[in-house]
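Here are a few notes from one reader to another, meant to be read with the structure open beside them. Take the points one by one and find each residue as you go.

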Amino acid sequence: KMTQQMRDLQLAQARKPPGPSSPNAAKRLYRNLSGKFRVNYTSFDESSLAGRGEKEKLRKSYLFQSNAALFEAVELQDLARVQELLKQYSPEELDLNTPNSEGLLPLDIAIMTNNVPIARALLQAGAKESPHFVSLESRSLHLSTLVREAEQRVNELTAQVVNEAPNTDCSNKEKQLKAWEWRYRLYKRMKAGFEHARVPDAPANVRLSVASSSSVQVTFGEPLSINSAVITKYKVEWSCFPTFSPLLGEAVIDKLKSLHFTIQGLVSGTAYYVQVSAYNMKGWGPPQASVPPFAIPSNWREYDGRAPRRRGQAEALDHLLGQVKTVHQHCICHEPCKNQPQSRKHSVSKSLKHLFHPGSKFLKTLKRGLYLTAIFYKDDNILVTHEDQIPVVEIDDTYSCLLMQDFLWFTKVSCMWDEILWLRQCVTVSQSSCSCILQTRFKMLLAISQMQGLLGIQDLGQVFFEPVKDKQGNILIVTLKEVKTSQTFESVRWVPICKLQSSRKSVSSPEEPTALDMLLISIQDKLAHHQRSSHALSPGLYLGYLKLCSAVDQIRVLVPEQLPNILCHVKIRSNPNISREEWEWLQKMVSVEEAVPAEPEAETSQNHLFQELQVAIKELMTLVNIPFQEAKYFRLYSQEVLDFGGQVSFLLLLPPSDDVCTAPGQNNPYTPHSGFLTLPLQIFELGKER
């Protein structure tokens, strides 16, 4: 069969122009060829094509050329070109796992020439080994056949070149001879690579950890030895017995972007042993047992049977809100509003036209008072009114109350943008007391309704954590919202932020800028803060540092600027779960009176957590600029593990009890380095919930 394939290949080559005469010629050929198929076939004038069938035929032609170029790039060991093709085309378009006429796949050529970088690039793209190689004997026989037939073809062409007189046909034969000589050397190199290869060593750093009450996770690395052939897959096996007899299950991992595997569906409280082995073209290598040798699926809550802190809280709050609405729905003030829709569902494109209506009540200048401004941005553009102004409405021009408490109340209202009408009606009922606070908050609700009505948008976004104040007595409460749609709107233009900043004519002096000028100057920082506030941590267990400072009217919490919705932190490990055994050890550690607790036994999950905690504490103390010798006065919060959605969990490191919250005027000897800020505690809680 192989001989017939090679004959067919020879006939095909005889019908087409001569192939490459040397490796350099082959490289030039496939580079020129690939340069042609890089042209986007959809750019051709459709009128020049006979129809959809012609376009599809052209498309298949380009993809065939891309497949040929990939094979030649692998054969010529051109890593850059292989990576370019894998990036430009999908595995399906490249026919990545379709054997060529020699029964080989690109991955076969890479691993048998022991080209590790190209093999890894192909594996990450989803490449497989040829299904023809069902055994070592079949692979060896296949390679021997390729070498023998290539050698035979070289001998035939050599005889023809020697015996024929110099002419055009002879020149073509010489080119074919050089190409076949090069291919003969390639097959011999592949055969030698296979013969000298050996099975891989055992994987390195096989670590086992408890992922949940019903699963364990194993992570591992490549074997330390680099003398074996390229590894193409791994096998994870697990059992309830250290002899692994009988096996409970096994899994083959052939996607090698990340070397880890989670074993699901296990029984809580049962010990499971795990081992991992590697595979290359010579077969499976020896297994490597995990460290620790076994793991028991569990969770820290099983230590004392504690239920999740927030279980049912959201439902309870929704029920409470429903009860409050029921009490107020029969109030007289609600009667005129019964026929009004509870939510405005104007399209964004239609509603944004209100920004440019000449009768809008957006303000152009500020007097002494309290104002609301809404910033909508997309990329580096910002939405402005027809007068190139950021939308601003007045809240109160006679504001004289304490700002912070009203501002914190406003931030809570931002979680209920679609309930503003109902909140206004409720505050109206209670306004008979003529309280300054109630009047201010009612005016805040009116301003929100006005902004929503003028914009036609319910959701005004997230409140910036501090108002903008100037020396003239103006105060701006700022909301920010990112518009991620690529939709365009009639009569609406997005103004580049830099253009708005440069074109605005300030009416204030540089020494005493108005709140609007201060907003424009700092708008880039505010947008960056808003974007960072929505970032999420990668899954894992973290060590957080809780540091508070108090003022007359608020408590603030220390957070990193790059992730202001999370406490200062360092990552302990990628596994967020703390097992029952680890939590039990932590409880004992925090209860001992010795300054340095005894180290747990080696090769246990407790010992690994102990080592990970030591590293994390040193890193965190350095991060917040606290001498490491002060760590003996710090404490781990041992009441619970803070869980965020099951993928992120926190252990808290607390300063000495007298230093958890710094009072006004109290000296703090250890000031964190740059890159931190303090947020009002209520703002931090809202940001964390979002």
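1. Let's start with Ser-228. Leaving aside its neighbours within four places in sequence, this serine touches Asn-114, Arg-198, Val-199, Pro-200 and Asn-280. Keep in mind that you're looking at a predicted model. For Asn-280, the C-alpha atom is separated from that of Ser-228 by 8.3 Å, although the two positions lie 52 residues apart along the chain.

2. Where does Ser-228 sit? Look in the loop between strand E2 (215-221) and strand E3 (233-239). Is it buried or exposed? Ser-228 has 10% relative accessibility, and the cut-off for buried is under 20%, so it counts as buried.

3. That loop between E2 and E3 has another resident to look at, Glu-222. Glu-222 forms a salt bridge with Arg-120, and their closest N and O atoms are 2.6 Å apart. Because Arg-120 belongs to helix H7, the pair ties together parts that are 102 residues apart in sequence. Both ends are partly exposed: Arg-120 at 40% relative accessibility and Glu-222 at 39%.

4. Stay with helix H7 (residues 116-124) and find helix H4 (residues 79-88): their axes come within 10 Å and cross at roughly 5°. Angles under 35 degrees count as roughly parallel, so that's what we call H4 and H7. Where they meet, H4 brings Leu-79, Val-82 and Leu-86, while H7 brings Pro-117, Ile-118, Ala-121 and Leu-122.

5. How many salt bridges does the structure hold? There are 13. One of them joins Lys-128 and Asp-254, with the closest N and O atoms 2.9 Å apart. This pair links distant parts of the chain, 126 residues apart: Lys-128 is in the loop between H7 and helix H8 (136-163), and Asp-254 is in the loop between strand E4 (249-253) and strand E5 (260-263). Lys-128 is partly exposed at 34%, and so is Asp-254 at 30%.

6. Now try Arg-573 and Glu-582, a salt bridge with its closest N and O atoms 3.1 Å apart. Here the partners are buried: Arg-573 has a relative accessible area of 12%, and Glu-582 has 5%. Shared partners bring Glu-612 in as well, giving one network of Arg-573, Glu-582 and Glu-612.

7. Last stop, the surface. Leu-317, Leu-320 and Val-324 make a nonpolar patch there, with about 260 Å² of accessible area together. Leu-320 is part of helix H10 (residues 313-328) and is partly exposed, at 46% relative accessible area.

Key:
Residues are numbered from 1 along each chain as its sequence is written. This is a predicted model: local features need pLDDT of at least 70, side-chain atom pairs count only at pLDDT 80 or more; totals for chains, interfaces and linings use all residues. Side-chain values use heavy atoms; hydrogens and water are left out. Patches are made of residues with over 30% relative accessible area and no salt bridge: like charges are joined within 9 Å, nonpolar side chains (Val, Leu, Ile, Met, Phe, Trp, Tyr) within 5 Å. Accessible areas come from the Shrake-Rupley method with a 1.4 Å probe; for residues, only the protein chains shown count as cover. A salt bridge is a side-chain nitrogen of Lys or Arg within 4 Å of a carboxyl oxygen of Asp or Glu. Helices (H or I, at least four residues) and strands (E, at least two) are DSSP runs, numbered from the N terminus. Buried means under 20% relative accessible area, exposed over 50%, partly exposed in between (1.4 Å probe, protein chains only). Axes are lines fitted to C-alpha atoms, for helices over the stretch in contact, and angles run from 0 to 180 degrees between N-to-C directions. Angles under 35 degrees count as roughly parallel, over 145 as roughly antiparallel, 65 to 115 as roughly perpendicular and the rest as oblique. Contact means heavy atoms within 4.5 Å.
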